[in-house]
Amino acid sequence: MSRFYLTTPLYYVNDKPHLGTAYCTIVADVLSRYHRLFGDETLLLTGADEHGQKIQETAAKRGITPLEQCDEVVELFKSAWKELNIQYDIFFRTTADFHKQVVQKCLQELFERGEIYSSEYEGWYSVSEEIFYMEKDLVEGKSPTGRDVVKIREKNYFFKMSKYQQALIDHIEKHPDFIWPESRRNEVLGFLRQPLNDLCISRPKARLSWGVELPFDKDYVTYVWFDALLNYATGVGLKQPGREDEFKKWWSDAGAIHLIGKDIITTHAVYWPTMLLALNIPLPKRIFAHGWILNKEMEKMSKSKGDVVNPLDMKDYVGVDGLRYFLIRDVHLGNDAPFSLDLLFNRVNNDLANNLGNLASRTLNLVEKFFSGAIPEVGSPDSGADHIREHALMTPQKVQSAIEKMAPSQALEAIVELLNEANKYLEERAPWKLAKTDLPATATVLRAALEVLRFVSILLHPVMPTKMKELQVRLGSPEMSWKALSQWEGLKTGTLVKKGEPLFPRLELPK
Ligand code: ME8
């Protein structure tokens, strides 16, 4: 059996989730639901990045303690993920005691081995990114991503990151699947063509107290990224007595896949692997950087710009499943994509109300009308129905290979093609007329359409769990498994079906 270990970033808890963070988490949920459906043993880790200056400052502004801030926002994340139907296995909090202990163990080990040293440092610090820059890195007095920086001079501790530069380049070159998509891999290799600095991994408590204390110097806390990145490994048992088997199973054998936004590729594809190399821990299997959800001005939707869309508001317009469907279908994983109500409503109307919704309501309606709601026995042979069967039986393989290459939008394209074929076939045969003269021929047409609906209710379940469950109920609850897609005619003759209200009512754009 295959194993699939997927992680999302740990989100900063200075603010509630927005469409950008929800996007990443929904994609992760969809991918892991597909793997679960394929029969893989699956683990999905998400969580909260709770230390660092941003949280400390937000809490101070609000007159509460950092932990109060974290507890409050963690609840907002958890309830948003619940409402968006996200099925995670681990919600990781970097304030967990066991995690802090492992962070300290790693630091102590690296310090004792001389992989961490202290030095006087002068540089430019970006508070919003929590990253130090050298003078040469600045672009027009700002960080390379355009954030404000302040000059800082202090003693700090450094991790000998530069020592691992060549080993990392070798690893990336030897493993074409390590960084996806390829454009990001090239970006990282380009970055590694410049000399790599050592990494400042401490913050003086005088400036920042909200963090994991350095085990070898009580006046300092750990740089938030050094602490947060380790979560992916501590979450599955790193350096925890009694959890060795679990760690081997998920980290060393299965290998983690980190799904992240492209803005945090350097921390994940450079800092993190060099930390692991120094600690003699195997590297993750893959780092996949997705693109951005863009606003009306075609810019990244972001908390700092304050133009974020609340995913839960969208849910009120098109339902959770409509939103999930849009994000998977319209955003090609890895690319940027615009978001607007127009795009969202069009997609839901075209694919769900018209294509899938129509197939379901017409088919179920005709079974009710002409066969008293009971699934009829296949009647006279029909080459059109044979063609639909062939098409349907090939679709699961297309879906699976798209998911395995982390291209879920392609999986949906394959499913939509099947729906198009089925609707075309229905138009051609016009069972609503045919029924008046030839019931056996009508039965064949409707059986084919019902089978397509059964296939789709399984194939789209990871994307729209609630609606597809509902469709399955209307089809008389056939077996819901990947195996059930290897055979046609999974529905039983005589089973009662139910048309019900439209599964996806047509939407009108709000004025
Ligand atoms: O970076 N479209 O947390 P974070 C798509 N704590 N993705 C977006 C987006 C948008 N408009 N806006 C934000 C952190 N994101 C760290 C991670 S991991 C050990 C630590 C994505 O809350 C962004 O790309 O600032 C990033 O992957 C994620 O939200 C978390 O952002």
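In this predicted model, a backbone N or O atom of Leu-10 lies 2.8 Å from a nitrogen atom of the ligand. Two further polar pairs involve the ligand, and the table sets them beside that of Leu-10.

| Residue | Protein atom | Ligand atom | Distance |
|---|---|---|---|
| Leu-10 | backbone N or O atom | nitrogen atom | 2.8 Å |
| Asp-263 | side-chain N or O atom | oxygen atom | 2.6 Å |
| Met-301 | polar backbone atom | nitrogen atom | 2.7 Å |

On its own the ligand has 670 Å² of accessible area, and the protein covers 95% of it.

The surroundings of the ligand comprise 25 residues, of which Leu-10, Asp-49, Asp-263, Ile-293 and Met-301 come nearest. By residue type, this shell consists of 13 nonpolar, eight polar and four charged residues. Several elements of secondary structure supply at least two shell residues each: the strands β1 (3-12) and β12 (256-261), together with the helices α1 (19-38), α7 (224-229) and α8 (231-234). The greatest contribution is that of β1, which provides four residues.

The model also contains an open sheet of four strands, arranged in the order β5-β4-β6-β8 with antiparallel pairing. Its edges are formed by β5 (131-133) and β8 (199-200), each of which pairs on one side only. Strands of a sheet pair through backbone hydrogen bonds, in either a parallel or an antiparallel manner. Between β4 (residues 116-126) and β6 (residues 150-159), the antiparallel pairing extends over 10 bridges. Within this part of the structure, Trp-124 stands opposite Lys-151 of β6.

Definitions and conventions. Residues numbered from 1 in each chain as written. Predicted model: local features only at pLDDT ≥ 70, side-chain atom pairs only at ≥ 80, totals over all residues. Heavy atoms only, no water. Near = heavy atom within 4 Å. Polar contact = N/O pair within 3.5 Å; in protein donor to acceptor, adjacent residues only side chain to side chain. Areas by Shrake-Rupley, 256 points an atom, 1.4 Å probe, with all protein chains shown as cover. Nonpolar A, V, L, I, M, F, W, Y, C, P; charged D, E, K, R; others polar. Pairing = 2+ DSSP bridges.
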